[in-house]
Amino acid sequence: MFHVFCAAMGGFSDNIWLNVFFVLAGVVLVLWGADRLTEGAVSLAERMKVSQMVIGLTIVAMGTSMPEFCVSLVSALKGTPDLAVGNVVGSNIFNTLLIVGVAALVLPITILKTTVRKDIPFAVLASAALFLLCLDGNISRVDAGFLLILFFFFMGYTLFTAKSGDVPTAEEKKPMKPLVAAMWLLVGLLCLVFGSNLFVDGATTVAKTMGVSDAIIGLTIVAGGTSLPELATSVVAARKGNSGIAIGNVLGSNVFNILFILGVTGVISPMNIQGIGTVDLTVLLGSMVLMWLLSFTKYTISRLEGALLSSCYLAYMTYLIIQVMK
């Protein structure tokens, strides 16, 4: 998308300042889209009489994970599986450590008991499944099929229990009409996907000119860029006091990224993984376990715990930078 646009402008794709401009434009679109998506999602949750957590786990999570899906699928088809898997692994680490951490710093996140007992353990299970399947350096069609089966089981159970749990209390302001809420949800998703594409294409172009490997690009720039929708959505939701949307978006996206994205991608094109190491997979699984443990502290992720999660992400990024410089 980005390169086609650049070609139409006269072949300025190599202009680093143009890439920077599109990175910034992408960020602006993502932030605005996240605000619109959150408003629409909360309104739909109220209208449908289901919890914000369910909306976050399903509609919002799938929508904000579209950039990861597009990037991973195209990367696998183009013969760069390290970028495809690195994108998912890096995005999930970004989601768990940085997004939850930053959202908790903005406003402590309240977590329902059902989330701690059901949703987080399933996200841990998905991470553990990917860890085990990647130990042999391949994701075969059988492996991918197993991931898809787990995904459909999770979605079926989530939708089956959608009417149970806490229903959000209606706000004092007049709620949106269903059509308006759905429109803002769609507009928000489109802005998130388009904006993150601009960010990823621009940032990846700059990184490739610096000779950075596909695996590192996938774990860092592409992962961070495709996770911008989750970051913006969760932070905006947390700032507005919608903890269910914030944490549900992260958990749902993590499950969607591993089970659906790598499931579909692996069925279409089996992947031979070289650049994603045991350290990366261990950080992926460890980050989910850490968030799960922190959730048991009064069923709240405090600002101090948010700072801990964010610090862990910075430590992991430092490790990756050191690997690049070797």
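How do the axes of α6 and α12 cross, and within what distance do they come? Keep that question in mind as you look around this predicted model; the tour reaches it after a few stops.

**The whole chain**

Start with everything shown as a cartoon. You should find 13 helices and 4 strands in the protein. Colour by burial if your viewer allows it: 57% of the 326 residues count as buried. Now think about contacts with a sequence separation of 6 or more: residues 24 or more positions apart account for 85% of them.

**Helix α12**

Select residues 278-295, which make up helix α12. Put a distance marker between its end C-alpha atoms and you should read 26 Å. Why does that value make sense for this helix? Its 18 residues, at 1.5 Å a residue, should span 26 Å, so the two values agree.

Next, show the side chains of D280, L281, L284, S287, M288, M291, L294 and S295, which are buried in α12. As you look along the helix, it helps to remember that an α-helix has 3.6 residues a turn, so residues three or four places apart point the same way.

**Helix α6 against α12**

Keep α12 on screen and add α6, residues 113-133. Here is the reply to the opening question: the two axes come within 9 Å and cross at roughly 170 degrees. That angle is over 145 degrees, which makes α6 roughly antiparallel to α12. The residues of this contact divide into 15 nonpolar, 4 polar and no charged. To see who takes part, select residues of α6 including V116, I120, V124 and A128, and residues of α12 including V289, M291 and W292.

**Two stops on α6**

Click on S127, found in α6. Is S127 buried or exposed? Its relative accessible area is 1%, so S127 is buried. Leaving aside residues up to four places away in sequence, S127 touches I258, L284, L285 and M288. Of these partners, L284 and M288 appear among the buried residues of α12.

Then move to F131, also found in α6. With a relative accessible area of 18%, F131 counts as buried, because the cut-off is under 20%. Beyond residues up to four places away in sequence, F131 touches T278, L281 and T282. Now mark the C-alpha atoms of F131 and L285: they are 7.4 Å apart in space, although the two residues are 154 residues apart in sequence.

**Helix α7 and the salt bridge**

Hide α12 and bring in α7, residues 141-160. The axes of α6 and α7 come within 11 Å and cross at roughly 175 degrees, and these helices are therefore roughly antiparallel to each other. Among the α6 residues that meet α7 are F122, A129 and L133, while the α7 side includes F146, L150, F153 and Y157. By class, this contact has 9 nonpolar, 1 polar and 3 charged residues.

K118 and D119 belong to the α6 side of this contact, so zoom in on them for the last stop. How many salt bridges does the structure hold? There is 1 salt bridge, and K118 forms it with D119, the closest N and O atoms being 2.4 Å apart. Colour the pair by accessibility: K118 counts as partly exposed at 24% relative accessibility, whereas D119 is buried, with a relative accessible area of 2%.

Definitions and conventions: Residues are numbered from 1 along each chain as its sequence is written. This is a predicted model: local features need pLDDT of at least 70, side-chain atom pairs count only at pLDDT 80 or more; totals for chains, interfaces and linings use all residues. Side-chain values use heavy atoms; hydrogens and water are left out. The expected span of a helix is 1.5 Å times one less than its number of residues. Buried means under 20% relative accessible area, exposed over 50%, partly exposed in between (1.4 Å probe, protein chains only). A salt bridge is a side-chain nitrogen of Lys or Arg within 4 Å of a carboxyl oxygen of Asp or Glu. Contact means heavy atoms within 4.5 Å. Axes are lines fitted to C-alpha atoms, for helices over the stretch in contact, and angles run from 0 to 180 degrees between N-to-C directions. Angles under 35 degrees count as roughly parallel, over 145 as roughly antiparallel, 65 to 115 as roughly perpendicular and the rest as oblique. Ala, Val, Leu, Ile, Met, Phe, Trp, Tyr, Cys and Pro count as nonpolar, Asp, Glu, Lys and Arg as charged, and the others, Gly among them, as polar.
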